[in-house]
Structures are given as C-alpha cells and as structure tokens.
Amino acid sequence: MYKILLIEDEAPARKKLKRYLAQVCPNCSILAELETVEDAILFLEQHKDVDLVFSDIELRDGNVFEVYDKVTLHCPIIFATAYNAFLMDAFDANGIAYLLKPYSLEQFTKAWNKFLRLRETTAVDYNQLMGTINQLLENKTSTTKPYKDQFAIKSSQEIYFLKVDAIVYFKAENGVVFAFDNKNKRHLMPQTALKEIETLIDPNLFFRINRSECVQRTYINKVKRYDKNTVALYLNGDSVTLKTSQNRTSDFNLWLDI
C-alpha cells in the first residue's frame, strides 16, 4: 500500500487527484492534504515514509520549491500544475511526471505508471533534481510570456484587439476557430486549432467542454443536467447554451467545483 502526500491549495484539484488515485490504486493511503509551504515543510520534516508526492507549484504562501530547498526528499514527485508545459521534457528525462491542468485520467495513469517503474530503478538524488528543475523554472519564467490578455484579430480592413476577459467561449468548426464575445459577436481567430489556443489562455479561467468548444468560467451563469452523462451550460446571461461531452463532464464538474 503506497503512502501518498498531496500538496495542493485548490479543493477541486485535490478532489480530482483523490478520485483518480482511487481508480489507479484503490489501496493507496493519503497521509495528508497540505495547502501551504509552511505545512509541507513541517510535515516532511516529521514524516520520512512518504512513497510519492503530488505537488502543485504555486501555493497559498509561496512557491513549493521553498519546501524542497529546506527538506531532504526520499521520494519522487508528480507535479500537477497550471504552469505551462515548458518543463515537461525536463521531468520526462528524469523520470518525474508533469501533469498540466486540466489533465485527463489517461495522462494521470501514465504518470502513475511512471512512478511504478521508477520504484524499480536505482535511487535518485531528488533534492539535486529539484534544484535543477527549480533553476529551469526560474530561467524559463523570466523569458516566458504570460497568458494572453488580448488577441490581435485581422479583418479585411484593419487589425483590432479582442480582450480575453470579453471572450465567452471559443468554437472550432471546419478547420477554423471563432471567439464569441460578451456582445454575442463572432471573431475569426488567427489560430486554427483549439489546442493551440489552450496553450495561450489561463486553464483556471477556460475549460474545453467538448471537442470543439472552450468556455470561460466568468460567463457561466448556471449549469443543468442535460442527460445522464452530460450537462448544459447557460452562458452570458443565458444567451448561449452549450453542452459538455460525455468524456469531459466529470472533469468539468471538478474544474467548476460542483
């Protein structure tokens, strides 16, 4: 039975981690659910029998690497975070998984299987590894652009700027993507795939509810059950109604904390 520590300050994210853990390892024991750097340091100083840590990066009182600077690690870490995916290669190369929110059960399972394989290999100096990753994070953060706050939209006569906070949802159709704003106006995006747009917008604000539509949390007025496995979303003063797909409904409910 593996002993698991969760370091995550968002309740919906912890619920998702626990639900996925129950599916891949029903006999796992969750030792604690911690929300701050201070609590994580105290816990890890007193508990040396942790088998695996699931860790966010930004916590209520600071960056989680403050924990790994002060505490000697004896176990691997799987990071689950809304940070952009610029560190995925670094984690993959060293056998530590990196889950970019919002992640799927399939991605979680791959990370879990990597942990199982890692336990069968030789020992790793996790503190040294965390120091390397932290340095990569600091270097990359200084040069990485933040999430977009506006998009440049080209029309036949001009280029204008669409503010992200005015976008109700994105919709992909026939090889193009449209953004619909809070005045129900449609804008043709320069990007041609939702996957590309998802790398440019904050996953805490936007969620892809099905294959072709991605909605902004701010404009969700209410949610109703549509059928057994899907829900209907009423957006922008109920002027727009969209539906989740069956395989996205559960993750959407967790993201919305319902």
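Two rings of Phe, Tyr or Trp count as a pair if their centres lie within 6.5 Å. By this rule, the structure holds 14 aromatic pairs. The model is predicted, and the tour below begins with two of these pairs.

**First stop: Tyr2 and Phe115**

Select Tyr2 and Phe115 and display their side chains. The ring centres lie 5.3 Å apart and the planes meet at 75°, so the pair is edge-to-face; the cut-off for that class is over 60 degrees. Tyr2 belongs to the segment before strand E1 (3-7), whereas Phe115 belongs to helix H5, so the contact ties together parts that are 113 residues apart in sequence. With a relative accessible area of 24%, Tyr2 is partly exposed. Phe115, at 2%, is buried.

**Second stop: Phe252 and Trp255**

Move next to helix H8 and select Phe252 and Trp255, which are three residues apart there and thus separated by about one helical turn. Their ring centres are 5.9 Å apart with planes at 35°, so this pair is tilted. Phe252 is buried, with a relative accessible area of 0%, and Trp255 also counts as buried, at 12%.

**Third stop: an aromatic cluster**

Select Tyr20, Phe54, Tyr103 and Phe108 together. Ring pairs link these four residues into a cluster. Keep Tyr103 highlighted for the next stop.

**Fourth stop: the largest pocket**

Display the surface around Tyr103. The largest pocket encloses about 1100 Å³ of space. It is lined by 40 residues, of which Leu100, Pro102, Tyr103, Ser104 and Gln107 are the closest to its centre. Colour the contributing elements: those giving two or more residues to the lining include helix H1 (11-24), helix H4 (88-93), strand E7 (98-100) and helix H8 (246-256). Which element provides the largest share of the lining? That element is H5, with six residues. Colouring the lining by residue class shows 18 nonpolar, nine polar and 13 charged residues.

**Last stop: a three-stranded sheet**

Finally, select strands E15, E16 and E17. They form an open sheet in that order, with antiparallel pairing. Strand E15 (220-227) and strand E17 (240-243) stand at the edges; each has a single partner strand, so one side of each is left without a neighbour in the sheet. From one strand to the next, the twist averages 25°. Zoom in on E15 and strand E16 (residues 230-235), which run antiparallel and are joined by six bridges. To see one facing position, select Asp227, which stands opposite Thr230 in E16.

Conventions. Residues numbered from 1 in each chain as written. Predicted model: local features only at pLDDT ≥ 70, side-chain atom pairs only at ≥ 80, totals over all residues. Heavy atoms only, no water. 1 Å grid on protein atoms, 1.4 Å probe; cavity = no way out; pocket = protein on both sides within 12 Å on 5 of 7 lines; lining within 4 Å. Points joined across faces, edges and corners; volume = space filled by probe spheres on them. Helix = DSSP H or I, 4+ residues; strand = E, 2+ residues; numbered from the N terminus. Nonpolar A, V, L, I, M, F, W, Y, C, P; charged D, E, K, R; others polar. Pairing = 2+ DSSP bridges. Axes fitted to C-alpha atoms, helices over the stretch in contact; angles between N-to-C directions. Phe/Tyr/Trp six-rings, centres within 6.5 Å; stacked < 30°, edge-to-face > 60°. Buried < 20%, exposed > 50% of the residue type's maximum accessible area, 1.4 Å probe, protein only.
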